[in-house]
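Visitor: I am new to this one. Please show it to me and explain the words as we go.

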Amino acid sequence: KGELRMQSLTFDDAGMYQCIAENTHGIIYANAELKIVASPPTFELNPMKKKILAAKGGRVIIECKPKAAPKPKFSWSKGTELLVNGSRIRIWDDGSLEIINVTKLDEGRYTCFAENNRGKANSTGVLEMTEATKITLAPLNVDVTVGENATMQCIASHDPTLDLTFIWSLNGFVIDFEKEHEHYERNFMV
């Protein structure tokens with residue numbers, strides 16, 4: 001196939017590589033540079049969010065994405081407690097931490113530790129719980145005659161510290177009220 005495969009690369013393998021293809025009609029060259037990257041983990045370009053919000057009873061994913069080569073091993077702590085995979089907590093291969101069925105007890109300081117053969121680093125954020133958003137009045141099925149108007153209501157309760165946005169969709173496609181203002185109208189009740 002004309003492939004060159006290299007395994008267990010070292011810094012000595014870095015450089016310009018040249019492929020030469022030749023037949024009875026001539027010869028052609030192609031060049032490519034191979035850079036070998038190695039760096040300890042760093043959160044300078046992508047630190048963990050300082051404040052992470054999670055809905056009560058919901059699911060939260062806290063991302064941990066340091067720059068590192070080779071790929072680091074990840075571990076997490078909540079305060080001084082080292083976290084391990086369990087029924088509600090899971091550390092993903094990419095370093096993210098997932099918590100399901102969030103409770104008030106999950107609030108606190110979470111630290112992601114990343115370590116490879118070049119070094120280690122960590123980043124910390126605070127998880128805060130909010131009240132879950134709930135639909136208190138769902139839209140009802142409506143039968144109308146062609147040409148008539150229809151009104152559908154949707155009311156929700158939410159954590160007062162957060163903003164609430166209503167998104168309407170038709171058969172799975174979000175309705176764009178600006179583009180379809182002649183057909184759909186959004187009414188806000190206070």
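Visitor: How many helices and how many strands are in the protein?

Guide: The protein has zero helices and 16 strands. Helices (H or I, at least four residues) and strands (E, at least two) are DSSP runs, numbered from the N terminus. This is a predicted model, where local features need pLDDT of at least 70, side-chain atom pairs count only at pLDDT 80 or more, and totals for chains, interfaces and linings use all residues. Residues are numbered from 1 along each chain as its sequence is written, and side-chain values use heavy atoms, with hydrogens and water left out.

Visitor: Why is the protein called more spread out than a compact globule?

Guide: Its radius of gyration is 27 Å, and the globule rule gives 16 Å for 190 residues. The value is well over the rule, so the protein is more spread out than a compact globule. The radius is taken over C-alpha atoms, and the rule is 2.2 Å times the number of residues to the power 0.38. Along its principal axes, the C-alpha trace spans about 75 × 60 × 30 Å.

Visitor: What share of the protein is buried?

Guide: Buried residues make up 23% of the 190. Buried means under 20% relative accessible area, exposed over 50%, and partly exposed in between (1.4 Å probe, protein chains only). The accessible surface of the protein is about 15,000 Å², with 52% of it belonging to carbon and sulfur atoms. Such areas come from the Shrake-Rupley method with a 1.4 Å probe; for residues, only the protein chains shown count as cover.

Visitor: What makes Leu97 buried?

Guide: Leu97 has 0% relative accessibility, so it counts as buried. Leu97 lies in strand β10. Leaving aside neighbours within four places in sequence, its contacts include Val60, Trp76, Leu83 and Tyr110. Contact means heavy atoms within 4.5 Å.

Visitor: How do you know that Ser96 is buried?

Guide: Its relative accessible area is 1%. That is under the cut-off, so Ser96 is buried. Ser96 sits in the loop between β9 (89-91) and β10 (97-99). Not counting residues up to four places away in sequence, Ser96 touches Ile61, Ile62, Glu63, Cys64, Trp76, Arg90 and Ile91.

Visitor: Why does Arg59 count as exposed?

Guide: Arg59 has 52% relative accessibility, so it passes the exposed cut-off. Its place is the loop between β4 (51-55) and β5 (60-62). Arg59 and Asn101 are 42 residues apart along the chain, yet their C-alpha atoms are separated by 6.0 Å. With neighbours within four places left aside, Arg59 is in contact with Trp92, Glu98, Ile99, Ile100 and Val102.

Visitor: What makes Ala14 partly exposed?

Guide: Ala14 has 38% relative accessibility, which falls in between the two cut-offs, so it counts as partly exposed. Ala14 is in the segment before β1. Beyond its neighbours within four places, Ala14 is in contact with Leu34 and Ile36. From Ala14 to Glu185 the C-alpha distance is 61 Å, with their positions 171 residues apart in sequence.

Visitor: What is notable about phi of Ser8?

Guide: Phi of Ser8 is near 50°, a positive value in a residue other than glycine. Most residues other than glycine have a negative phi, and most peptide bonds are trans. Ser8 is in the segment before β1 (15-23). Its relative accessible area is 71%, so Ser8 is exposed.

Visitor: What about phi of Asn171?

Guide: Phi of Asn171 is near 50°, again a positive value in a residue other than glycine. Asn171 lies in the loop between β15 (169-170) and β16 (173-174). Asn171 is exposed, with a relative accessible area of 71%.

Visitor: Which peptide bond is cis?

Guide: The bond from Ala69 to Pro70 is cis, with omega near 0°. Pro70 is in the loop between β6 (67-69) and β7 (73-78).

Visitor: Where does UniProt place the feature "domain: Ig-like"?

Guide: The unreviewed UniProt entry places it at residues 41-128. UniProt positions are given in the numbering used here, feature names are shortened, and annotations may be inferred rather than shown by experiment. Over residues 41-128 the chain is 0% helix and 53% strand. The end C-alpha atoms of that stretch are 27 Å apart.
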